[in-house]
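Me: Please take a close look at one buried spot in this structure and follow its contacts outwards into the surrounding chain. I would like a careful, connected account rather than a list.

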Amino acid sequence: MKKTVIQVAVVVVLVAAVLYGASRFTTPLTTRVAPLEAVEVREYEGEDLSSVYQFSENSIRGVQKVDIARYRLNIDGLVQNPLTFTYDDVLENYQHYKKTVILDCVEGWSVRILWEGVLVKDLLAKAGVKPEAKTVIFHAYDTYTTSFPIEYLLDNNIIMAYKMNEITMPPERGYPFALVAESKWGYKWIKWITRIELSDDVNYQGFWESRGYSNSGDLDKNFFE
Ligand SMILES: Nc1nc2c(c(=O)[nH]1)N[C@H]1C(S)=C(S)[C@@H](COP(=O)(O)O)O[C@H]1N2
Ligand SMILES: [Mo]
């Protein structure tokens with residue numbers, strides 16, 4: 001009895017193997033599309049771009065690996081409708097924009113990158129900002145925070161990016177979303193954003209700001225106060 005079970009199993013496995021092998025020969029090559037890793041662009045509108053791998057990684061808790069199936073972006077605090085988005089909610093429901101912006105780190109290096117993302121002001125409009133909100137506090141997966149006066153985000157078409165140089169943002173650069181805080185020092189470019197909080201606290205200080213770095217973070221001013 002035991003022997004026949006084994007014999008049947010062997011036959012089933014052999015038949016399956018032969019069928020699988022045959023299917024590989026009968027499937028035309030063109031229908032078996034092999035995925036290749038995307039390659040970043042290094043030139044845009046006649047200007048050279050830096051590589052997305054040319055940054056010097058110095059995040060407070062190292063690279064964060066975000067599980068995109070479980071990822072949520074929350075918008076809360078002084079808003080009419082607190083919102084929770086999945087990654088796809090953000091990408092599928094908002095206009096996409098791209099622009100080349102240089103990131104300058106206080107350590108003395110800089111990179112020119114083609115960023116693609118959604119406007120922060122579009123997300124805020126959906127949540128409905130209450131009139132008493134003055135400050136927008138960004139929170140990240142690694143507990144990092146930074147903040148801006150709300151006008152900065154509304155008046156400068158500031159984007160939250162999901163692509164750099166036309167490839168999906170790599171984990172070390174802030175996947176799924178990083179802020180393109182143009183005209184601000186690198187420490188304002190928060191990566192791995194999980195929460196956008198509207199507050200009336202005009203003196204709020206983020207991670208580096210509470211350790212002596214300027215709260216405005218303006219590139220044209222000294223970064224240490
Ligand atoms: N969540 C998070 N975002 C962050 C940081 C961080 O430690 N955590 N570091 C900031 C700093 S100091 C810089 S210069 C930029 C770019 O950092 P990178 O070169 O490590 O990508 O990310 C900023 N955003
Ligand atoms: Mo930095």
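Reply: A good place to start is V52, which, leaving aside its neighbours within four places in sequence, is in contact with E40, I113, M164, N165, I167, P170 and R173. Everything said here rests on a predicted model. V52 is found in the loop between β2 (47-48) and β3 (73-77), and with a relative accessible area of 0% it is buried, since that value falls under the 20% limit. One of its partners, I167, is 115 residues away along the chain, yet the C-alpha atoms of V52 and I167 are separated by 9.2 Å.

Two other partners of V52, M164 and N165, lead to strand β9 (residues 159-164) and to the loop between β9 and β10, where N165 is found. The backbone of N165 deserves attention, as its phi is near 50 degrees, a positive value in a residue other than glycine. N165 has 0% relative accessibility and therefore counts as buried. E166 is placed in the loop between β9 and β10 as well, and it too has a positive phi, of about 70 degrees, although it is not a glycine. In its exposure, however, E166 is described by another term: its relative accessible area is 34%, so it is partly exposed, the range between 20% and 50%.

A further backbone feature is found in the loop between β10 (167-168) and β11 (178-180), where P176 lies; the peptide bond from Y175 to P176 is cis, with omega near 10 degrees.

The contact of V52 with I113 points to strand β6 (residues 110-119), in which 8 of the 10 residues are buried, so that this strand is largely enclosed by the rest of the structure. β6 has β9 as a partner, the two pairing in the antiparallel sense over 5 bridges, and L119 stands opposite I159 in β9. V52 thus touches a residue of β6, I113, and a residue of β9, M164.

β6 also pairs with strand β5 (residues 97-104), again in the antiparallel sense, over 8 bridges. I113, already met as a contact of V52, is the bridge partner of V101, while T100 stands opposite L114 in β6. β5 and β6 form a hairpin with 5 residues between them, and in the turn G108 has a positive phi of about 105 degrees.

Moving away from V52, the structure has a largest nonpolar core of 57 residues, and those with the most contacts inside it include W115, F138, M160 and L198. W115 falls within the residue range of β6, and M160 within that of β9, while F138 stands opposite T146 in β8. The bridges of this last pair of strands number 5, joining β7 (residues 135-140) to β8, and the two run antiparallel. L198, for its part, touches I75, D76, G77, L78, V79, L124, V129, A133, T135, V136 and I150, not counting residues up to four places away in sequence.

β7 and β8 belong to an open sheet of 5 strands in the order β4-β3-β12-β7-β8, with mixed pairing. β4 (83-85) and β8 (145-149) stand at the edges, each with a single partner strand, so one side of each is left without a neighbour in the sheet. On average, and with direction ignored, neighbouring strands of this sheet are turned by 15 degrees against each other.

Beyond the sheet, the segment after β12 (193-199) contains S214, which is buried, with a relative accessible area of 2%. Its side chain reaches the backbone nitrogen of G217 at 2.8 Å, and, not counting residues up to four places away in sequence, S214 touches Y187, K188, E209, N222, F223 and E225.

Finally, the loop that holds V52, between β2 and β3, bears on the ligand. Ligand 1 is surrounded by 19 residues, the closest being S56, I60, D142, W189 and K191. Oxygen atoms of ligand 1 take part in several polar contacts: a polar side-chain atom of E57 lies 3.2 Å from one, a polar backbone atom of N58 is 3.3 Å from one, and a polar backbone atom of I60 is 2.8 Å from one.

Key
Residues numbered from 1 in each chain as written. Chains lettered and ligands numbered in written order. Predicted model: local features only at pLDDT ≥ 70, side-chain atom pairs only at ≥ 80, totals over all residues. Heavy atoms only, no water. Core = buried A, V, L, I, M, F, W, Y, C linked by side-chain atoms within 4.5 Å. Buried < 20%, exposed > 50% of the residue type's maximum accessible area, 1.4 Å probe, protein only. Contact = heavy atoms within 4.5 Å. Pairing = 2+ DSSP bridges. Helix = DSSP H or I, 4+ residues; strand = E, 2+ residues; numbered from the N terminus. Axes fitted to C-alpha atoms, helices over the stretch in contact; angles between N-to-C directions. Near = heavy atom within 4 Å. Polar contact = N/O pair within 3.5 Å; in protein donor to acceptor, adjacent residues only side chain to side chain.
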